[in-house]
Amino acid sequence: MSHDTSPRSISLEPTARPSRTALLAAARRAQRLCLLPVVAGALLLAAPAMADRPQGWEPAEEVSFMDLHMLIVVWPLVLFAIITLLFYVPVLIRGGKFTSQASAAVEDQWLGGPRTERGELAEPSPETKQTGGASGSW
Amino acid sequence: MAAGELSARDRAVVDRAIRSAEQACRYEFSLFRGAVDRDPRAFAVSLHAALAAPERSVLIMVDPRARLLEIVTGSEVRRHLTDVEVELAMLAMQTAFAEGDEIGGLRRGISMLAEHAIPHETLHAKHHGL
């Protein structure tokens, strides 16, 4: 069994198969050509929406700028305010606070100590007042 | 440094550090982690007074939200663990806390406090009269 160890020859001549770039360019061209009929078709299909008012229908009432303003701006804002109040008022009534996760209240944790609650803490006796140590912050 | 509660894993790490510190120096170590709503030193001293044996105890109080750290040593512990040595341990803890490594800082601080609190045996040299 013999193996062909000679290096493969690279031909620079154009081959019969179209390159990938040429295929992509052709696809883009086809896309561009299709765009116009698609847009035209969509407009034609939508044309009935711009048709005249049917004869049986009453003429539409004129909407004033104020009414439009109320409908588009004011009422959504009022709705937003109501929803916000519905969310925050019960929390505020319960005495809750709105804080971010980083500044969330720290639960008391004892490690290697008694399970004494804050309210149960007694005043230090004179003997225990002879304490040492240090204070600091970071 | 997260202000929330310590996770079970973190608690286990600190618990181990406390246990080995207590074994090393035979003093009690306690950590209180919570919000301080009054004078930090007075609060830490009252926490220390609430311990079972305050004279033989070291209390570390951390308020991660207010970034406060207090270390209280009992009267008996003070004989071996000076305030300067406590400050050294506190400095190490502050450095770690500032880097956001609360558990590492606690471990290191507790270990340093225990090392300094180990009672030094007094060597009574026998006088052999010549």
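This tour moves through chain B of a predicted model and then to the place where chain B touches chain A.

**Chain B as a whole**

Begin by selecting chain B and colouring it by secondary structure. Four helices and three strands should appear, and following them along the sequence gives the pattern α-β-α-β-β-α-α. Of the 130 residues in chain B, 47% are buried. Among contacts between residues at least 6 apart in sequence, 60% join residues at least 24 apart.

**Helix 4**

Next, select residues 102–117 of chain B, which form helix 4. The helix has 16 residues, and at 1.5 Å a residue it should span 22 Å; the C-alpha atoms at its ends are 22 Å apart, so the expected and modelled lengths agree.

Now display the side chains on the buried part of this helix. The buried residues include B:Ile103, B:Leu106, B:Ile110, B:Met112 and B:Leu113; B:Gly105 and B:Gly109 are also among them. To see what surrounds the buried residues of helix 4, add helix 1 (8–25), strand 1 (28–33), strand 2 (57–63), strand 3 (68–73) and helix 3 (83–98) of chain B, against which they pack.

**The start of helix 4**

Move to B:Asp101, in the loop between helix 3 and helix 4. With 39% relative accessibility, B:Asp101 counts as partly exposed. At the start of helix 4, a side-chain oxygen of B:Asp101 comes to within 2.9 Å of the backbone nitrogen of B:Gly104.

**A buried salt bridge**

Select B:Glu102 and B:Arg33 together. These two residues form a salt bridge, with their closest N and O atoms 2.5 Å apart. B:Glu102 belongs to helix 4 and B:Arg33 to strand 1, so the pair ties together parts of chain B that are 69 residues apart in sequence. Both B:Glu102 and B:Arg33 are buried; for B:Arg33 the relative accessible area is 1%.

**Two further salt bridges**

Over all chains, the structure holds five salt bridges. One of them joins B:Glu76 to B:Arg56, with the closest N and O atoms 2.7 Å apart. B:Glu76 lies in the loop between strand 3 and helix 3, and B:Arg56 in the loop between helix 2 and strand 2, so this pair connects parts that are 20 residues apart in sequence. B:Glu76 is partly exposed at 25% relative accessibility, and B:Arg56 is partly exposed at 30%.

Then select B:Arg78 and B:Asp83, whose salt bridge has its closest N and O atoms 3.4 Å apart. B:Arg78 has a relative accessible area of 34% and is partly exposed; B:Asp83, at 26%, also counts as partly exposed.

**Where chain B touches chain A**

Finally, show chain A alongside chain B. Here 51 residues of chain B are in contact with 29 residues of chain A. The area buried between the two chains is about 3,400 Å², and carbon and sulfur atoms give 57% of it. On the chain B side, select B:Arg11, B:Phe32 and B:Arg67: these residues lose the most area to chain A, together 15% of what that side buries.

Which kinds of link join the two chains? There are zero salt bridges between chain B and chain A, while 16 residue pairs are in polar contact. Helix 1, strand 1, helix 2 (40–49), strand 2, strand 3 and helix 3 each supply at least two residues to the side of chain B that touches chain A. That side divides into 28 nonpolar, eight polar and 15 charged residues.

Conventions:
Residues are numbered from 1 along each chain as its sequence is written. Chains are lettered from A and ligands numbered from 1 in the order in which they are written. This is a predicted model: local features need pLDDT of at least 70, side-chain atom pairs count only at pLDDT 80 or more; totals for chains, interfaces and linings use all residues. Side-chain values use heavy atoms; hydrogens and water are left out. The expected span of a helix is 1.5 Å times one less than its number of residues. Buried means under 20% relative accessible area, exposed over 50%, partly exposed in between (1.4 Å probe, protein chains only). Contact means heavy atoms within 4.5 Å. A polar contact is a pair of N or O atoms within 3.5 Å; within protein, one must be able to donate a hydrogen and the other to accept it, and residues adjacent in sequence count only if both atoms are side-chain atoms. Buried area is the accessible area (1.4 Å probe) that two parts lose on being put together, summed over both. A salt bridge is a side-chain nitrogen of Lys or Arg within 4 Å of a carboxyl oxygen of Asp or Glu. Ala, Val, Leu, Ile, Met, Phe, Trp, Tyr, Cys and Pro count as nonpolar, Asp, Glu, Lys and Arg as charged, and the others, Gly among them, as polar.
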